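Open the model in your viewer and keep the selection panel at hand. The stops below say what to select and what is there.

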Amino acid sequence: MSRALYTAATGMHAQQLKIDVIANNLSNVNTDGFKRSRAEFQDLIYQNLRTAGAATGVDLTAPVGVQVGLGVRPAATARNFEQGDMKSTSNALDVAIEGSGMFQVQLPSSETVFTRNGSFKVDPEGRLVTNDGYPLEPSIVIPRDAVEVTIGLDGVVTARMDESGENMVELGQITLADAVNEGGFESIGRNLFRFVGGSDALRVGVPGSEGFGNLAQGFLEASNVKVVEEMIAMISGQRAYEANSKVIQTADQMMEETNRLR
Amino acid sequence: MAYGIYVATAGAVARQTQLDLVANNLANADTAGYRSQEVSFNEVLHDATEAPHRHMVAVGENWVSMEPGPLVATQNPRDLAIEGSGFFSVSDGGFQTLTRSLTAQVGPDGRLVDAEGRTLLGQSGPIFVDRLAEFHVDEGGQVVQDGRPIDRLRVVDVSDPRGLVPLGGGGYQTSPESGTAFRTDAKVVQGALEGSNVRPLDSMIQLIQLQRDYQSLSRAITAYRQADEELIRASRG
């Protein structure tokens, strides 16, 4: 009897998870470089009430069994790496990637992690760092007396050292990383991703070549959350939650009916 | 004892099984690739020696509804679904499992797997790709890398999909009733997953109907019991 109760409970849990994921997407609707996620579900195991092929009489077998499923479980929260909108910031150290690839950033633990948020700053040592102070990898140091910094489409960083523009210094090359298996990028917060798909599946290269996107200086990539889509998912999640709660009510009323049979 | 009480009880038990099935359908109203489970009731002739014959009801069989679910666009080009009938073949621990839609990924050893880690099957076993190059799957199910065809996804169908046995995780297994899987051609859709084909409205109506049936049957059980009570009281004088 209580099977339906527990089945409906798995349904409500699943919808709750879906709303949790939507809530996180919506709260990051203005987070630069954010990539939205989607909760995916799978049907749970099945219980055989009568197995197909079981004997039902002399020389007779049941052609089709009776199988009752026991609900649903979350399968994955899939991240969508679709390009976000580009927004102009006119800040020389804001860099967006047009296409595939991620900036490589070094954590204090010297682990390399990845981000799509190219809002860089300069730390006291002159290095290009993220908002949290993590240096870009490979490291790029901007001289104190640089007048203007240019980041090319291909990731070459150049500094103009005087007003006339005669003294140009090449500071380094920004490289990007990507992987065919985007699912291998795991969020670790602060707009950062860690790659868990095996380091040999990771590809590093120069922007604008081998399928890597170009860099756009003075731009940031906005969050790729689409508010309307999230709203619709929220409505459908809420209604599905309601439908499952109706099943619990029905099961409860049937049990009540049973108890009244005394 | 009046025999009818057993008939009513059998009916009530069958409604409980039906509730379990409806609960599972509604719990999976949002599960990609899920196909709703339908049930039929069988009349069981319990005692043919007496007239009038007494008929009981039992859950006869259930089957997988083969009405296609809606295609839900996901913008991930490696989310694959099948238009019309047919199934992708994946290998789960050596067993061929059928599934309606999947997300193709590159596994650690370069073979294509789905989100569950099941190996995608090509024309002759697993499909191996270059782990560092992009790949895509075209409409005919051909896996293409660097403009070069690698292998074609194995798309199969069975003579009676209603007889497929659900395994959970969106997977199905063939049964004697469904017939063995044969290879076929189907149009593969990229960037979409097949949504659940559960229709919440139908499920809600079933829910109301079965609850009311259950109520009537339990009233009948009560009526039989009261009749028995009356009989006992009358026979005592």
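Start by selecting Phe103(A) and Leu176(A): Leu176(A), in E16(A), is the bridge partner of Phe103(A). The model is predicted, so local features are given only at pLDDT of at least 70 and side-chain atom pairs only at pLDDT 80 or more, while totals for chains, interfaces and linings use all residues. Residues are numbered from 1 along each chain as its sequence is written, chains are lettered from A and ligands numbered from 1 in the order in which they are written, and side-chain values use heavy atoms, with hydrogens and water left out.

**The six-stranded sheet of chain A**

Widen the selection to strand E9 (residues 102-106) and strand E16 (residues 176-179) of chain A, which run antiparallel and are joined by 2 bridges. Strands here are DSSP runs of E with at least two residues, helices are runs of H or I with at least four, and both are numbered from the N terminus. Two strands count as paired if DSSP finds at least two bridges between them.

Now show the whole sheet, which is open, has 6 strands with antiparallel pairing and follows the order E17-E18-E10-E9-E16-E19 in chain A. Its edge strands are E17 and E19 (202-205), each pairing on one side only. On average, neighbouring strands in this sheet are turned by 45° against each other, direction ignored. For such angles, axes are lines fitted to C-alpha atoms (for helices, over the stretch in contact), and values run from 0 to 180 degrees between N-to-C directions.

At the E17 edge, select residues 185-189 and 192-195 of chain A: these are E17 and E18, antiparallel and joined by 4 bridges. Glu186(A) stands opposite Arg194(A) in E18(A). What lies between E17(A) and E18(A) in the hairpin? There are 2 residues between the strands, and Arg190(A) in the turn has a positive phi of about 55°.

**Backbone exceptions**

Most residues other than glycine have a negative phi, and most peptide bonds are trans. Select Ser110(A), which is not a glycine and has a positive phi of about 65°. Ser110(A) sits in the loop between E9 and strand E10 (112-115) of chain A.

Next, go to Glu137(A) and Pro138(A), joined by a cis peptide bond with omega of about -5°. Pro138(A) belongs to the loop between strand E12 (128-129) and strand E13 (148-151) of chain A.

In chain B, select Asp146(B), another residue that is not a glycine, with a positive phi near 50°. Asp146(B) is in the loop between strand E13 (142-145) and strand E14 (148-152) of chain B.

**A three-stranded sheet in chain B**

Stay in chain B and show the open sheet of 3 strands, ordered E7-E4-E19 with antiparallel pairing. Strand E7 (101-103) and strand E19 (187-190) of chain B are the edges, each pairing on one side only. Neighbouring strands here are turned by 25° against each other on average, direction ignored. Strand E4 (residues 79-83) of chain B runs antiparallel to E19(B), with 4 bridges joining them. One place to look is Glu83(B), which stands opposite Lys187(B) in E19(B).

**Where the chains meet**

Show both chains and select the contact residues (heavy atoms within 4.5 Å). Chain B gives 51 residues and chain A gives 57 residues. In chain B, Asp20(B), Asp30(B) and Arg131(B) lose the most area to chain A, together 13% of what that side buries.

Which side chain meets Asp30(B) in a salt bridge? Select Lys18(A): its salt bridge with Asp30(B) is 2.6 Å, N to O. A salt bridge is a side-chain nitrogen of Lys or Arg within 4 Å of a carboxyl oxygen of Asp or Glu, and the count between the two chains is 5.

The area buried between chain B and chain A is about 4500 Å², with carbon and sulfur atoms giving 52%. Buried area is the accessible area (1.4 Å probe) that two parts lose on being put together, summed over both.
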